[in-house]
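User: I'd like to learn how to read contacts, burial and pockets in a model. Could you walk me through an example?

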Amino acid sequence: YVVEDKVLEVEVELGMRDGHEYPFIGEGEPHIDGEPGDLKFRIREMRHKKFRRIGDDLYANMTISLLDALNGFTMDIDHLDNHKVEVKRESVTWPGMKMRLKNEGMPNYENNNLKGSLYITFDVDFPKDRKFTKEDKDEIQKVLQQASSQRVYNGL
């Protein structure tokens, strides 16, 4: 039994998923009968600071200001391949709202012409430690054209 060093190259192809196995036929340890076994290289995805992958889809969260939530906004997100993805809202965005951007997910491994979607879930950053005057509150109510309203329900 001789130990030898050998360099093997792994080509990580577009769309490969976590757990995908890349076999090197005949490059593993020998079996009892002396024939070499196969060496399997397993792809492991690393955690990303912006995106989470599920299948070919990507998921991200975005926190926007209350001003942007009420007035709309346009911004760009840097994608994994560094292209810019425009996120645009022209109407009210509420906390927990989800937006789907087709063809902005990961390429499909079997067909690189197909891509998943990018799903963005919004959170709204409300002002904290801000006191509104009676005039401010009246103006807000006038602009929103909405009366004070509360309701209790089982949201589980």
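Analyst: Happy to. Lys128 and Asp125 form a salt bridge, with their closest N and O atoms 2.7 Å apart. This is a predicted model, in which local features need pLDDT of at least 70 and side-chain atom pairs count only at pLDDT 80 or more, while totals for chains, interfaces and linings use all residues. Residues are numbered from 1 along each chain as its sequence is written, and side-chain values use heavy atoms, with hydrogens and water left out.

User: What counts as a salt bridge, and how many salt bridges are there?

Analyst: The rule asks for a side-chain nitrogen of Lys or Arg within 4 Å of a carboxyl oxygen of Asp or Glu. By this rule the count comes to 11. Salt bridges can also share partners: Arg17, Glu45, Arg53 and Asp56 are joined into one network that way.

User: Is Lys128 buried or exposed, and what about Asp125?

Analyst: The classes rest on relative accessible area: buried is under 20%, exposed is over 50%, and partly exposed is in between (1.4 Å probe, protein chains only). Lys128 is exposed because its value is 60%, whereas Asp125, at 40%, is partly exposed.

User: Which parts of the chain does the salt bridge between Arg44 and Asp18 tie together?

Analyst: To place a residue, use the helices (H or I, at least four residues) and strands (E, at least two), which are DSSP runs numbered from the N terminus. The closest N and O atoms of Arg44 and Asp18 are 3.4 Å apart. Arg44 lies in the loop between β2 (39–42) and β3 (52–54) and Asp18 in the segment before β1 (21–24), so this pair links parts that are 26 residues apart in sequence. Arg44 is exposed at 55%, and Asp18 is partly exposed at 40%.

Glu21 and Arg42 give a strand-to-strand case, with a salt bridge of 2.5 Å, N to O. Glu21 belongs to β1 and Arg42 to β2, so the parts tied together are 21 residues apart in sequence. Glu21 has 31% relative accessibility and therefore counts as partly exposed; Arg42, at 44%, counts as partly exposed too.

User: How do I read a polar contact, and which side chain does Asn108 meet in one?

Analyst: A polar contact is a pair of N or O atoms within 3.5 Å; within protein, one must be able to donate a hydrogen and the other to accept it, and residues adjacent in sequence count only if both atoms are side-chain atoms. The side chain of Asn108 makes one with the side chain of Asp56, at 2.9 Å. Asn108 sits in the loop between β7 (98–101) and β8 (118–125) and is buried because its relative accessibility is 14%. Plain contact means heavy atoms within 4.5 Å. Leaving aside neighbours within four places in sequence, Asn108 contacts Gly15, Asp56 and Leu114.

User: Where is Ser91, and what does Ser91 touch?

Analyst: Ser91 is in the loop between β6 (84–89) and β7. Not counting residues up to four places away in sequence, Ser91 touches Ala69 and Gly72. The C-alpha atoms of Ser91 and Gly72 are 5.2 Å apart, although the two are 19 residues apart along the chain. The side chain of Ser91 also makes a polar contact with that of Arg89 (3.2 Å).
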